[in-house]
Amino acid sequence: MKKIHPYPVPYRCLYSKNIDNLFMAGRNISVTHVALGTVRVMRTTGILGEVVGMAASLCKQHAVDPRAIYTSHFDELKALMKKGVSHPGLSNNQTYNLGETLGPKK
């Protein structure tokens, strides 16, 4: 069985290169045909929406556009992403794919 390894969606896919204050977090993000299949699923687009919300809050806090988050405040965004948006006391039950395979368990 072929191993499937998770890969990150770059933050730069989530804002417009032409419009200074435009985020994109749905099926319209900027990716090639290679990644289009994986970024179109609801779970992924939901997580991208969470990241865009966090980045938008940093844009407001620092009075900057989305591109400046990547260049000047990316560590803050990563800290927010690590903290997450869920309730802190809940257990992590998101272990369905830890990078091994997507096939049946043996």
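**Close-up 1. Aromatic pairs in the predicted model.** This predicted model holds 5 aromatic pairs. One of them joins Tyr11 and Tyr70, whose rings are stacked, with 6.4 Å from centre to centre and 15° between the planes. Here two distant parts of the chain are linked: Tyr11 sits in the segment before α1 (33-39), while Tyr70 belongs to helix α3 (residues 66-72), 59 residues apart. The two partners also differ in their surroundings, since Tyr11 is buried at 6% relative accessibility, whereas Tyr70 is partly exposed with a relative accessible area of 31%.

**Close-up 2. Tyr11 also pairs with Phe74.** Stay with Tyr11 for a moment, and you will find a tilted aromatic pair with Phe74, in which the ring centres are 5.9 Å apart and the planes make an angle of 50°. Because Tyr11 lies in the segment before α1 and Phe74 in helix α4, this pair ties together parts that are 63 residues apart in sequence. Phe74 has a relative accessible area of 24%, so this residue counts as partly exposed.

**Close-up 3. Five rings joined in a cluster.** Stepping back from the single pairs, we see Tyr11, Tyr15, Phe23, Tyr70 and Phe74 linked by ring pairs into a cluster. Tyr11 takes part in the stacked pair with Tyr70 and in the tilted pair with Phe74.

**Close-up 4. A salt bridge within helix α4.** If you are looking for salt bridges, a search of the whole structure finds 1. Its partners are Lys78 and Asp75, with 3.6 Å between the closest N and O atoms. Both residues belong to helix α4 (residues 74-83), and because they are 3 residues apart there, about one helical turn separates them. How accessible are Lys78 and Asp75? Lys78 is partly exposed, at a relative accessible area of 41%, while Asp75 is exposed, at 61% relative accessibility.

**Close-up 5. Helix α2 crossing helix α4.** Our last view turns to two helices. The axis of helix α2 (residues 42-62) comes within 10 Å of that of α4, and the two cross at roughly 135°. This angle makes α2 oblique to α4, and their crossing is right-handed. Which residues of α2 and α4 make the contact? From α2 come Val51, Met54, Ala55, Ser57, Leu58, Gln61 and His62. On the side of α4, Glu76, Leu77, Leu80 and Met81 meet them.

Notes
Residues are numbered from 1 along each chain as its sequence is written. This is a predicted model: local features need pLDDT of at least 70, side-chain atom pairs count only at pLDDT 80 or more; totals for chains, interfaces and linings use all residues. Side-chain values use heavy atoms; hydrogens and water are left out. A salt bridge is a side-chain nitrogen of Lys or Arg within 4 Å of a carboxyl oxygen of Asp or Glu. Helices (H or I, at least four residues) and strands (E, at least two) are DSSP runs, numbered from the N terminus. Buried means under 20% relative accessible area, exposed over 50%, partly exposed in between (1.4 Å probe, protein chains only). Rings of Phe, Tyr and Trp (its six-membered ring) pair if their centres lie within 6.5 Å; planes under 30 degrees apart count as stacked, over 60 as edge-to-face and the rest as tilted. Axes are lines fitted to C-alpha atoms, for helices over the stretch in contact, and angles run from 0 to 180 degrees between N-to-C directions. Angles under 35 degrees count as roughly parallel, over 145 as roughly antiparallel, 65 to 115 as roughly perpendicular and the rest as oblique. A crossing is left-handed if the near helix is turned anticlockwise from the far one by less than a right angle, and right-handed if clockwise. Contact means heavy atoms within 4.5 Å.
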